[in-house]
Each structure stands twice: as C-alpha cells, then as structure tokens.
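Work through the exercises below with the sequence and the coordinates at hand. Each task is followed by its solution.

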Amino acid sequence: MEIKLPRLKAQTIQRQLFIDYWQELHNAKESEKKVAWVSGMSPSELLSAMDFLIIYPMNHSATCGAAGVATVLCEISEQNGYSPDLCGYQRCDIGSALMGEQTLSPVRPPRPDLMLVTSNQQCHQIFKWFENISRIYDVPLIMVDVPFLDDTATKDDELSALKYVKEQLQEFIYFLEGFTKRRYNYDRLQECMAYASAAYDLWYEGLFNAAKNIPSPISTFDLFIHLGPMLYLRSRPEAVDYYRNLKDEVLERVANGQGAVPDEKFRLFLNGMNWMKIPSLAKLCASYNACMVTGIYPLLFTLKGGDISRPVETMAKSAINSLLNRGLQTRINAVENLVRDFAIDGIIAPTIRGCKPISSFQLETMREVERLTGVPNLEFETCMVDTRYHSDAQVEVRIQAFMELLENRVKK
Amino acid sequence: MHLIVPGEKLFMEETLKRFIAAKQSLYDNLKQWKKASGKKIVGCHPMDIPEEIVHAAGMLPITLMGFDGAITHATRSLQPTIACNILLENLEMCLNGTLDFLDGVIFADVCDTIPILSDIWLRHSHHVLHHLMVMPKHLNSPSSRRRVSEQFLRLKAAIEKQNNKKISDRALKHSIGVYNQNRRLLKRLYDLRLCKPGLLSASDVSAVVTAGMLMRKEDHNQLVEQLLLELENLPVPTSDMHVKLIVSGSLCGHCDSVLSVIDAQGAYILEDDLYIGSRYFTSLTNEDIDPIEALAQRYVDDIPSPTKFFDANAWANYISNMVIRDKADGIIIVMRKLCEIHADDFPCIQNKLNNGGIPCLMIEIERAGVSEQDKTRIQAFIDMLGVQ
Ligand code: SF4
Ligand code: SF4
C-alpha cells in the first residue's frame with residue numbers, strides 16, 4: 001500500500017535554496033571564490049568567514065544515492081582498486097571524482113581548491129577518503145583530529161583533547177591566512193557562528209524537539225531532509241530564516257494535532273545513518289501507522305553553538321562534546337534517554353555495511369537499551385547508497401514481522 | 001616447510017623448534033610463566049603499542065594475535081561483516097575467558113573499530129589495567145606530534161597508577177636497550193636471509209618473529225642469537241632458479257597460510273613488510289635522549305604506516321623501493337578482509353607498483369586463511385614470475 005506522507009512546505013523552499021547555492025558553486029571561478037570540500041563535522045564557519053563555498057562529499061554521495069547513480073559510481077571506484085568493503089559514501093564519492101568531467105553525479109561538484117577533514121566518530125576512513133580525493137585533484141588537505149573520548153576517559157583527557165583541537169584550529173587559521181594571502185577575518189567568523197548557532201537552536205526546538213509531541217508532527221525523514229541547510233548554509237542569514245519558517249510550520253502542525261503519519265500508533269527510533277532507503281522506509285512504516293520520530297544521526301550531526309566571542313574555544317568544545325566522539329556507555333545512555341523522552345515503541349537498527357564507526361556500536365547498544373527499557377529492536381544489514389547490498393524485499397518482510405511483534409505487545 | 005641441508009641442519013632445527021613451540025602454545029606457556037615468575041602480563045592489541053613502557057614496569061607485554069578456536073560469543077557484540085578476524089578473535093578470547101590470566105590490556109586506536117572494541121572489552125572483562133591510547137590521526141602539525149608523547153606519558157601514568165610504582169627513566173632506558181637489541185638481532189636475521197635467500201623458509205621466519213611477541217624479549221634475544229650463530233655458519237646453496245618475492249601487509253596478525261603456499265611453491269622471500277615481520281622491529285629507538293621523547297620520535301619517524309596518515313604515497317614508495325633495492329621479481333600484498341586502513345591505501349600502492357612495472361598480486365585473507373582460489377592465484381603468480 002503506497003502512502004503519501006504530508007510534506008512540509010519548507011521542502012520546496014529548500015529546493016530553491018539549493019538550486020541557487022549550487023549555481024553559486026558552479027560560478028565560483030567567475031566570481032573568484034574558492035571551493036572547499038569539508039567533512040560533515042568540520043567547523044565550516046572557519047571557511048565561510050573567508051568566503052569559501054562549501055561542499056560536503058558525504059552529502060554529495062547521499063544525493064547520488066537518491067538519484068540512483070551511486071551504485072555505478074561505487075563500481076567505478078572498485079575498478080580502481082577500492083575494496084567493496086569500504087563505506088558506500090566513500091566509494092561513491094571517489095567514483096565520481098575518478099570520472100572527472102564525465103561524472104554521473106546529478107550535481108557535478110566543482111573541483112576543490114582545498115579540503116578539510118575533521119575526525120570525529122573515530123572514523124579513519126574519512127581521513128583516507130579525503131586523502132584519496134586530495135590526491136586525485138592534487139589539492140591541499142587539512143586534517144583536524146578530534147580525539148575519541150572512550151569510556152575510560154577522564155576530565156584531564158577531555159581537557160587535553162580540547163587543548164589539542166584548539167591548537168589545530170589555530171594552526172588551520174594560520175594556514176588559511178597563508179593560503180588566501182589575507183588576514184583572518186574574525187569579525188566575519190563571529191557573524192557566521194551567530195547565524196549557525198541561531199539556526200541550530202531553531203532546528204532543535206522546531207524540528208528535533210517537536211517530535212516529542214504525540215502524534216509527532218514530523219518523521220526522521222523530515223529530520224534528515226532538513227539537515228541540508230544546516231550543513232551548507234548555516235553561516236548565512238538564509239539558514240536562520242529557513243529554520244524559523246520551518247519551526248512555525250511544524251508548530252502549526254502541533255497546534256492542529258496533525259501527525260506526520262496517519263493515526264500514529266507506534267513511535268520508532270532509527271539507530272543508523274542517513275541512508276538511501278529512509279524515504280521508502282518512512283512510507284513503509286507509515287502504512288503500519290508507525291512513525292520514525294527520531295534517531296541518533298541528527299544528534300550526531302549538529303553542532304551546538306556557544307560563546308561566539310571565543311570562537312576557537314567554542315568550536316573546539318562543540319567538536320569534543322559531540323556524541324560521535326564518545327564511548328559506548330555514553331552512546332547507550334544517549335539512546336536510552338531518547339527512547340524514554342520520545343516515548344519510543346521500537347528501534348530500527350540497520351547495520352550499515354562498511355561504516356564501522358557507527359555500526360560497531362550497534363549490537364551492544366541495542367542489547368543494553370533493550371535490557372534497560374524493554375524496547376525491542378530490529379537489526380538488518382544494508383548499505384547507505386550501494387543497492388547491491390540492500391534487499392527491499394527482505395527489509396519489507398522484516399519490518400512486517402517487527403510490526404506484528406509491536407502489535408502483539410500492545411495487545412498483551 | 002623447513003629447508004633441509006643434509007647433516008648440517010639438525011642443530012638449527014632444534015633452535016627453530018623452540019620458536020615454533022612458543023608460537024603454537026600461544027597463551028598456555030604464558031600462564032605457566034606467570035605462575036612461576038609471579039609477574040604481571042599485559043596484552044597489547046596490535047598495532048603501535050610502545051611495549052618498552054610496559055616492560056620497564058617489570059610486566060610482560062605480549063601481543064594479542066587471535067586464535068584458531070570457535071567464535072561463539074564475539075559475534076554477539078561485533079558483526080562479522082564489520083569486524084576483521086583479529087578483532088573478533090581477540091574479543092572472543094576476552095569473552096570466553098582465555099585471557100582472564102592477563103593483568104591488563106592496552107589498545108591503540110589504529111582503525112575504526114578498535115576504540116569501540118576497547119569499550120566493549122571494558123564492559124565484559126576485569127583486567128586491572130585497561131587502557132586505550134588515542135593517537136593523533138595525522139602527524140603533520142606540531143600539535144599532533146606533541147600529542148604522541150602526551151599519549152605515551154598517559155600510558156606510563158596509567159601503568160604507574162596500577163602498580164603503585166613509578167617507572168624510572170633508568171628502567172625505561174634499559175627496556176629500550178633490550179628492545180633495540182631485539183630489533184638489531186632480527187634485523188641481522190633479515191639481512192642474512194637477504195644475502196642467502198632460502199636459508200630459512202618464510203614460515204620459519206614468521207615463527208621467529210611471532211615467538212618474540214609472546215615471550216620475554218630477553219629470552220627471545222638469547223634464542224635469536226643462538227639461531228644466528230648456527231645460521232651464519234651454514235653454507236647455503238645459492239641458486240638463481242627461485243622466484244624472489246617481497247611480501248607486504250597482513251596488518252595485526254599473521255598470514256601463515258599465504259607464506260606456506262609461497263614456501264611450498266619454492267619461491268624465496270627476500271624481505272618483508274609484514275606486521276609480524278619487519279614492520280614490528282625495523283626502527284630503532286634513540287638511547288641518548290629522554291626515553292619518552294625517544295619513543296615518540298620513533299613513532300613519528302618510523303617506516304610509513306597506514307595508521308599514521310602522512311600519505312599513502314610514502315608507503316607506496318617504501319614498498320616499491322624495497323622491491324627495486326632487493327631486485328625482487330614481484331610483490332604479494334596480503335590484505336586482511338575488512339581492514340579499512342589497508343584497503344584505503346591499497347589503490348595508491350597498486351598505482352605506484354603498476355606505474356613502476358612491478359608485478360604485484362593482492363591476496364585477501366580471512367579467518368580461514370587463504371582461499372583455494374587464491375592459493376591457485378599465488379601459484380600462478382609465482383609460475384609467471386619464474387617464466388619471465
Ligand atoms: S565510515 Fe561511516 S562515518 Fe566514516 S566516512 Fe564512511 S559513512 Fe562516514
Ligand atoms: S587488521 Fe585492520 S581492521 Fe583489523 S584490527 Fe588491525 S587495523 Fe583494525
């Protein structure tokens with residue numbers, strides 16, 4: 001049964017924002033702007049303040065996935081020696097870069113002048129991925145290493161990590177001054193951070209938190225879709241306007257008691273990454289009156305603001321404090337809290353092939369959260385973008401069985 | 001396969017057997033040793049642990065290198081499609097009690113999964129010392145290089161806290177000396193093999209290095225010295241008939257299944273770039289400066305490593321120079337399945353070798369070792385090199 005989910009109007013606004021933004025990117029040469037490719041958790045404000053335009057390779061791969069070209073791009077990187085066991089985002093993006101002008105990518109990202117990678121989530125692949133891309137394009141790569149704070153980490157470890165990240169950010173600023181042959185613009189940086197922080201607060205209240213309402217006015221699908229401006233535009237006033245509108249729209253739904261799925265009966269949690277199948281999964285769940293109200297990913301991905309008069313310190317803190325950077329116990333606590341706060345009935349926990357930083361937490365976290373809260377989970381394997389490693393039919397069967405399990409629990 | 005030169009090998013065979021025995025008994029010997037000596041044993045998860053610091057505290061550092069038994073517990077915590085066999089095997093040994101005799105474990109976060117493995121381990125074990133070294137993910141800034149010594153100091157402090165006893169600079173310098181001695185002896189063994197290829201089979205060399213990772217370095221030094229004495233006096237039939245290879249990779253564990261195919265095929269390994277091989281012992285530590293600084297310096301200046309993220313080119317150059325310098329016929333790269341740090345550097349290495357016209361074969365190994373199909377590929381590769 002195909003269900004049509006009510007769309008937020010903001011989605012249309014977003015489409016136009018991105019058409020304009022990509023236009024700007026493609027005109028970068030003419031307008032003499034530099035393009036930086038940056039990883040998801042990077043403090044891109046540092047670059048925006050120096051007029052760089054930003055591209056997120058992981059988001060690019062997700063776009064390729066949605067456009068149905070990711071699998072071919074993954075195959076291209078495999079033909080060039082990349083193992084199919086590497087994460088799908090990486091293989092897809094590298095495949096696109098290897099194809100150069102011929103890329104099948106729907107957005108055809110312009111080549112970078114500079115690359116910046118930040119290593120939250122103890123992910124090594126992201127460093128290597130960026131290193132490989134920087135080699136393909138022969139451009140400088142800056143690495144900001146954010147140390148993982150495991151379950152044994154002490155306050156001292158945290159402080160030394162903070163100091164280390166601050167040092168690296170400062171080193172990066174010096175590098176940027178040399179690279180652009182301009183003094184670093186700290187005033188602009190504060191402005192950018194102020195927009196980003198306002199956008200974050202609106203996103204948090206208007207979108208993330210709003211899902212606590214019963215019925216939930218939004219689903220994870222909305223959460224993911226509306227992360228886009230947070231990534232690309234957060235250093236600009238447009239982002240603030242965007243999230244203000246979005247918040248108004250969502251709160252209106254709340255006021256009207258309108259849910260994201262018809263007759264919400266079950267509330268689900270997605271313990272996984274951004275994933276090509278989220279739209280279809282959201283629909284599939286909706287057909288059982290189940291709404292995926294939240295998940296771990298949006299929390300991993302947003303940078304909370306702070307004192308903008310001390311920009312480097314604030315950026316370093318938000319990097320260190322990200323959940324991505326924390327050990328298993330912290331992850332378990334976070335999921336447990338979300339499950340309780342959002343009145344979750346079941347957890348959908350895809351193991352994402354190749355993405356070890358996220359997937360390695362999965363089994364222990366799920367077992368422990370189930371023990372603590374009694375909320376059951378559904379595990380299955382898939383890939384973020386590579387359709388060869390995903391079976392719709394299998395997932396449908398599994399979801400159906402899971403929904404029956406939830407039904408039976410209600411009856412009892 | 002052990003090369004037999006009639007009459008003269010018996011002596012050496014005896015010495016070799018001791019290495020092989022140490023390797024085969026794996027952790028059993030250690031339990032006995034611990035009982036007898038009353039000393040503490042610390043398991044080091046591969047790779048990049050500065051064992052000298054553990055040694056200086058009077059404890060025995062050993063490398064956790066997996067096991068052959070059944071895996072029944074570990075897959076409840078780490079998916080076999082996510083974690084390589086070393087991670088699973090070591091976790092299994094933690095969960096099934098095999099490693100209960102350890103007084104501590106130390107990890108360095110060399111790949112995506114190890115830091116999480118460490119946290120999982122922590123939840124299910126009761127070692128007094130549990131330590132994760134969070135190493136910088138690149139070494140190209142002053143701050144990241146400083147972080148190396150900070151992390152070494154942090155490890156030292158953790159060990160001191162557990163033992164309630166300071167590690168003196170003198171003790172640490174002494175340990176560095178013992179380890180340097182070990183590194184020099186193994187280097188001599190490797191030099192000998194390079195001059196007289198075929199003197200020792202690849203499997204034997206692997207046994208010699210492996211044994212050293214499972215016993216006191218002082219004992220290992222004696223044994224290696226003994227072996228060297230015997231070997232240096234052995235005449236070796238020189239022959240140009242054999243295909244000469246370099247083998248690289250096999251991070252975090254052995255690749256004996258690959259080595260034995262090479263041995264059986266009659267090819268000689270001139271030099272290796274294996275973890276259980278030259279990667280483990282190549283760089284010496286400076287004995288004249290502050291010991292922690294010296295260890296950090298070695299870490300930074302060590303041979304190119306996929307764990308340290310300078311640039312895959314550096315590793316590629318290192319390997320291809322090895323092939324050219326040694327006049328090898330080709331190279332076999334052994335990649336552990338699901339090892340992302342190796343997989344990600346491989347395309348760059350492959351390019352470099354291809355561009356240099358160096359014949360290269362990549363073999364992926366899993367828990368069960370090398371597949372039948374890959375055995376055939378190795379044989380065909382060696383045959384091809386033999387014809388050329
Ligand atoms: S492995 Fe996971 S966290 Fe790392 S780059 Fe790929 S998708 Fe991102
Ligand atoms: S072989 Fe690779 S994936 Fe496995 S533990 Fe070692 S570094 Fe990690």
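The exercises treat a predicted model and cover a ligand shell, a sheet and a cavity.

**Exercise 1.** Determine which helix gives the most to the shell around ligand 1, and what kinds of residue make up that shell.

Step 1. List the residues surrounding ligand 1; among them are A:C87, A:C123, A:Q125, A:I126, A:W129 and A:C355.
Step 2. Assign residues to helices: α6 of chain A, residues 125–137, gives the most, with three residues.
Step 3. Sort the shell by class: nine residues are nonpolar, three are polar and none is charged.

**Exercise 2.** Establish the strand order of the open four-stranded sheet in chain A, and explain which strands stand at its edges.

Step 1. The order is β2-β1-β3-β4, with parallel pairing.
Step 2. Take one pair: β1 (35–38) and β3 (114–118) of chain A run parallel and are joined by three bridges. A:V38 stands opposite A:L116 of β3(A).
Step 3. β2 (53–55) and β4 (141–144) of chain A each have a single partner strand, so one side of each lacks a neighbour in the sheet, and these two are the edges.
Step 4. Direction ignored, neighbouring strands of this sheet are turned by 25° against each other on average.
Step 5. Add the helix from Exercise 1: α6(A) lies across β1, β3 and β4 of chain A and runs at about 175° to β3(A).

**Exercise 3.** Describe the largest cavity and its lining.

Step 1. The structure holds eleven cavities of 30 Å³ or more; the largest contains about 430 Å³ of space.
Step 2. Its lining has 30 residues, with B:D48, B:I49, B:R279, B:Y280 and B:R298 nearest the centre.
Step 3. In chain B, α3 (51–56), α7 (169–195), α11 (278–281) and α12 (291–301) are the elements giving two or more residues to this lining.
Step 4. By class, the lining divides into 15 nonpolar, six polar and nine charged residues.

Note on methods:
Residues are numbered from 1 along each chain as its sequence is written. Chains are lettered from A and ligands numbered from 1 in the order in which they are written. This is a predicted model: local features need pLDDT of at least 70, side-chain atom pairs count only at pLDDT 80 or more; totals for chains, interfaces and linings use all residues. Side-chain values use heavy atoms; hydrogens and water are left out. A residue is near a molecule or strand if one of its heavy atoms lies within 4 Å of it. Ala, Val, Leu, Ile, Met, Phe, Trp, Tyr, Cys and Pro count as nonpolar, Asp, Glu, Lys and Arg as charged, and the others, Gly among them, as polar. On a 1 Å grid over the protein atoms alone, a cavity is a set of points where a 1.4 Å probe fits but cannot get out, and a pocket is an open set with protein on both sides within 12 Å along at least five of seven lines; lining residues have an atom within 4 Å of a point. Grid points are joined across faces, edges and corners, and a volume is the space filled by probe spheres set on the points. Two strands pair if DSSP finds at least two bridges between them. Axes are lines fitted to C-alpha atoms, for helices over the stretch in contact, and angles run from 0 to 180 degrees between N-to-C directions. Contact means heavy atoms within 4.5 Å.
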